[in-house]
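Here are my notebook entries from a first walk through this structure. Feel free to follow along with the model open beside you.

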Amino acid sequence: MTDLTRDALGWSPYYMTQLDLDELETLTPARIATVHRDRVVGFSEIGTLELTLDPGITTAAVGVGDWVLCAPDQHRLVRVLERQTELTRGTEYHTGEKQLIAANLDTLFVTSSCNNDFNPARLERYLALAHDAMITPVILLTKADQTDDPDSFVEQARALGRDLEVVVMDAKTDDVPALLAAWCGKGQTVALAGSSGVGKTTIANALTGGDAATRAIREDDARGRHTTTGRSMLRMQSGGWLIDTPGMRGLGVAEVAYGIDATFPEISELAETCKFRDCEHETEPGCAVQAAIRAGAVDAERLKRFKKLKRENQYATETIAQARDRSRNLGKMYRSAIKKKDR
Ligand SMILES: Nc1nc2c(ncn2[C@@H]2O[C@H](COP(=O)(O)OP(=O)(O)O)[C@@H](O)[C@H]2O)c(=O)[nH]1
Ligand SMILES: [Mg+2]
């Protein structure tokens, strides 16, 4: 891919200020488009670069969407720049490591359909992950053509947040790029999250003008082995970038307490005014949340889901903390064993 400016790739002062003068003169910024097991592909002002990693940088430490500095003559990736946002999943319970899904996203399209797939708890989970990462969530409701009452789905979706943007569509026949233009302009980066079958690939294809589903597979076939993680950054026709990852289904929540509060602002704000700091919002005296439920200002179902998500997050957060302790101790043990051997 050629003739791309840094701005077109999503560059901003946030990244620029991380460079010192020397780096500015000698290194080239590139945005990671694909991560393979042993090397990565980046887009830059001077074209597409195949990069090998300096010792100390693993493909686990660099993700699709990352801004990096590289020495293009040597095809060398030197440094990963600090991310503006990172979407992670907390699945690596044995090590406590968070797995990066996408770096430097501006918008997460949380996708569901106007049918049985519509599940408030699942949508709130994605909203919590997005809010926690400071990524703007937008709810996309597909299959508007398969219901008599798309408005009721829109209404239910809007109730899942404050000032939450909701876009309803028939992804197969509507002008999807026009409907999503506000988030897909030059240099903007988006990703699609949602269950299998809701229309993510259909929307991705409409935005990129290509066949996103088959592209990743072809990359594998060409080499005769599975060399990609299946994650890549695709250019949208509107000038933005779509990060296409298979890791967007069934995300667990961990260490996203802030994001959960931000997803349920009507509850978390009231909770501050409860009589007891550790109020469980059940039968305690002076509970502002229960009072609001009685007054009809807060949805009792939202409270149930808020509490459930909090519990899940707390459990996962503790499990991860324990795993981190364990692997830290294990590391200490190995190091002291090696020292003893060397002596
Ligand atoms: N009727 C209708 N079908 C849709 C819509 N969006 C997607 N589909 C169909 O739903 C199926 C699953 O879509 P796909 O994009 O593969 O979903 P993904 O698993 O989320 O990537 C395909 O057969 C699509 O053609 C829509 O808005 N309306
Ligand atoms: Mg798909």
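**Entry 1: confidence**

What is the mean pLDDT of the protein, and what share of its residues reach 70 or more? I looked this up before anything else, since the model is predicted. The mean pLDDT comes to 88, and 89% of the residues reach 70 or more.

I then searched for a weak stretch and found residues 216–229, where pLDDT stays under 50. For this stretch the model has 16 contacts beyond four places in sequence. I note a caution for myself: where pLDDT is low, predicted coordinates should not be read in detail.

**Entry 2: ligand 1**

Next I turned to the ligand. How many residues surround ligand 1? I find 16 of them, and the closest are D145, A171, G197, T201 and T202.

I sorted this shell by character: 3 of its residues are nonpolar, 8 are polar and 5 are charged. I also asked which element gives the most to the shell around ligand 1. My answer is helix 7, residues 200–208, which supplies 3 residues.

Then I looked at individual atom pairs. T202 has an N or O atom in its side chain that lies 2.6 Å from an oxygen atom of ligand 1. At K143 the partner is a polar backbone atom, 2.8 Å from an oxygen atom of the ligand. With Q146, a nitrogen atom of ligand 1 is 3.2 Å from an N or O atom in the side chain. How much of ligand 1 does the protein bury? Taken alone, the ligand exposes 580 Å², and the protein buries 74% of that.

**Entry 3: D54**

I picked out D54, which I found in the loop between strand 3 (47–53) and strand 4 (67–71). Is D54 buried or exposed? Its relative accessible area is 16%, so D54 counts as buried, the cut-off being under 20%. Leaving out residues up to four places away in sequence, I see D54 touching R76, L77 and V78.

**Entry 4: D106**

My last stop was D106, in the loop between strand 7 (97–103) and strand 8 (107–113). With a relative accessible area of 35%, D106 is partly exposed, because that class runs between 20% and 50%.

Which residues does D106 touch, not counting those up to four places away in sequence? I listed I135, T136, G187, Q188 and T189. I also checked D106 against P137: they are 31 residues apart in sequence, and their C-alpha atoms are 8.8 Å apart in space.

Conventions. Residues numbered from 1 in each chain as written. Chains lettered and ligands numbered in written order. Predicted model: local features only at pLDDT ≥ 70, side-chain atom pairs only at ≥ 80, totals over all residues. Heavy atoms only, no water. pLDDT = per-residue confidence, 0-100. Contact = heavy atoms within 4.5 Å. Helix = DSSP H or I, 4+ residues; strand = E, 2+ residues; numbered from the N terminus. Buried < 20%, exposed > 50% of the residue type's maximum accessible area, 1.4 Å probe, protein only. Near = heavy atom within 4 Å. Polar contact = N/O pair within 3.5 Å; in protein donor to acceptor, adjacent residues only side chain to side chain. Areas by Shrake-Rupley, 256 points an atom, 1.4 Å probe, with all protein chains shown as cover. Nonpolar A, V, L, I, M, F, W, Y, C, P; charged D, E, K, R; others polar.
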